[in-house]
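Please look over the sequence and the structure shown here before reading on. The paragraphs that follow lead through a few of its parts, one after another.

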Amino acid sequence: MRKLQGFAFRLNKKLLLLAAPRKNIPMDRLEIIQTLMRKKKLNNYLEIGVFNGHIFFRIKSDFKIAVDPEFRFDGLRKAGKLFLNPYNIYNRYYSKTSDAFFEQDAPGLFARKKLDISLIDGMHEYAFALRDIENALHYLSGDGVIIVHDCNALTAESACSFEEWKARGFTGTWNGDVWKAILHIRSLRKDCTAFVLDTDHGLGIITKKPDHNPLDLTRDQIDQLTFTDFNMNRKEWIGLKPQEYFNDFFRI
Ligand SMILES: C[S@@+](CC[C@H](N)C(=O)[O-])C[C@H]1O[C@@H](n2cnc3c(N)ncnc32)[C@H](O)[C@@H]1O
């Protein structure tokens, strides 16, 4: 009897967890991407900065492009992932920097098919992240969405430059100053809307909807900003929103 009661208690607890409001369960980049693909019928996927393919291999699309100068997986992992998700048969890998990819391969790849959804997660420095965003925007369809990882660095350590992170022996969280790229888009690309969801290190969301309330910083001003400046203004500067805003914005 005790055993049965214990089982019923555990089952109840699980059911309660499943029914818990979305508010209490953090959404990550994978869930955001999968939801957009499913609900908004976005298909053609590009990931800049792939690492071991933790996200890339889970994406279900017949048009998937992976770009990274140093992929961290071998043939065996690829084969295993093909078994787990047959869509991986369509994967195309570009073992190079995003700059080289956009210069050499993107014009041909996106000549007939537009890009629908992209995860930007390569080099986490302002100038690099901004180039990746602007290059992706160039090929993005009208209804397409760009997701930028690491937009909400919480500490000065995690917001440091690549050189500082390297000097630290690549230890600890490194978000870099990707937040500046969001600030840049919100100030200087009035043809786009950008905001950041307060989850998974800050998920920047960029669409081709015109922004009716842009910020007014110049590139020089953004270049001069420090983490302390950001920390005092983060909510306004990157348009930080609770994750529930995702559903409202996309009417999901
Ligand atoms: C944080 S990891 C990516 C993680 C992956 N997107 C995920 O969600 O699991 C960053 C990756 O960016 C790659 N990277 C660094 N510089 C790059 C560049 N210039 N172009 C493209 N990728 C770059 C690194 O090799 C590394 O694998």
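**Helices, sheet and core**

In this predicted model, a good place to begin is with a pair of helices, α8 and α10 (residues 227–238), whose axes come within 10 Å and cross at roughly 45 degrees. Because angles under 35 degrees would count as roughly parallel and those from 65 to 115 as roughly perpendicular, α8 is therefore oblique to α10. The crossing of the two helices α8 and α10 is, moreover, left-handed. Where they meet, α8 contributes Trp 179, Ile 182 and Leu 183, while α10 contributes Phe 230, Trp 237 and Ile 238.

From this helix pair the view can pass to the sheet. The sheet is open and has 8 strands, arranged in the order β3-β2-β1-β4-β5-β7-β6-β8 with mixed pairing. At its edges are β3 (91–94) and β8 (240–241), each of which pairs on one side only. Further in, strand β6 (residues 193–197) and strand β7 (residues 203–207) run antiparallel to one another and are paired over 5 bridges, with Val 196 standing opposite Gly 204 of β7. Helix α8, which spans residues 178–188, packs on this sheet and touches β5, β6 and β7, its direction making about 145 degrees with that of β6. Another helix, α6 (residues 126–139), lies across β1 (45–48), β4 (115–120), β5 (140–148) and β7, and runs at about 160 degrees to β5.

What lies between these elements can be followed through single residues. Leaving aside neighbours within four places in sequence, Ile 182 is in contact with Val 148, Cys 151, Ala 194, Val 196, Gly 204 and Ile 238. Ile 182 also belongs to the largest nonpolar core, which has 60 residues, and is one of those that touch the most other members, together with Ala 129, Ile 133, Ile 146, Ile 147, Val 148 and Ala 181. The largest share of this core, 7 residues, comes from α6. In soluble globular proteins, nonpolar side chains tend to be buried together.

Is Ile 55 buried or partly exposed? Ile 55 is found in the loop between β1 and β2 (64–67), and because 20 or more C-beta neighbours within 10 Å are needed for a residue to be buried, Ile 55, with 19 inside 10 Å, counts as partly exposed. Its contacts, again leaving aside neighbours within four places in sequence, are Arg 29, Leu 30, Glu 47 and Leu 119. Between the C-alpha atoms of Ile 55 and Lys 96, which are 41 residues apart along the chain, the separation is 19 Å.

Key. Residues numbered from 1 in each chain as written. Predicted model: local features only at pLDDT ≥ 70, side-chain atom pairs only at ≥ 80, totals over all residues. Pairing = 2+ DSSP bridges. Helix = DSSP H or I, 4+ residues; strand = E, 2+ residues; numbered from the N terminus. Contact = placed C-beta atoms within 7 Å. Axes fitted to C-alpha atoms, helices over the stretch in contact; angles between N-to-C directions. Core = buried A, V, L, I, M, F, W, Y, C linked by C-beta atoms within 7 Å. Buried ≥ 20, exposed ≤ 12 C-beta atoms within 10 Å, placed from the backbone. Parallel < 35°, antiparallel > 145°, perpendicular 65-115°, else oblique. Left-handed = near helix turned anticlockwise from the far one by under 90°.
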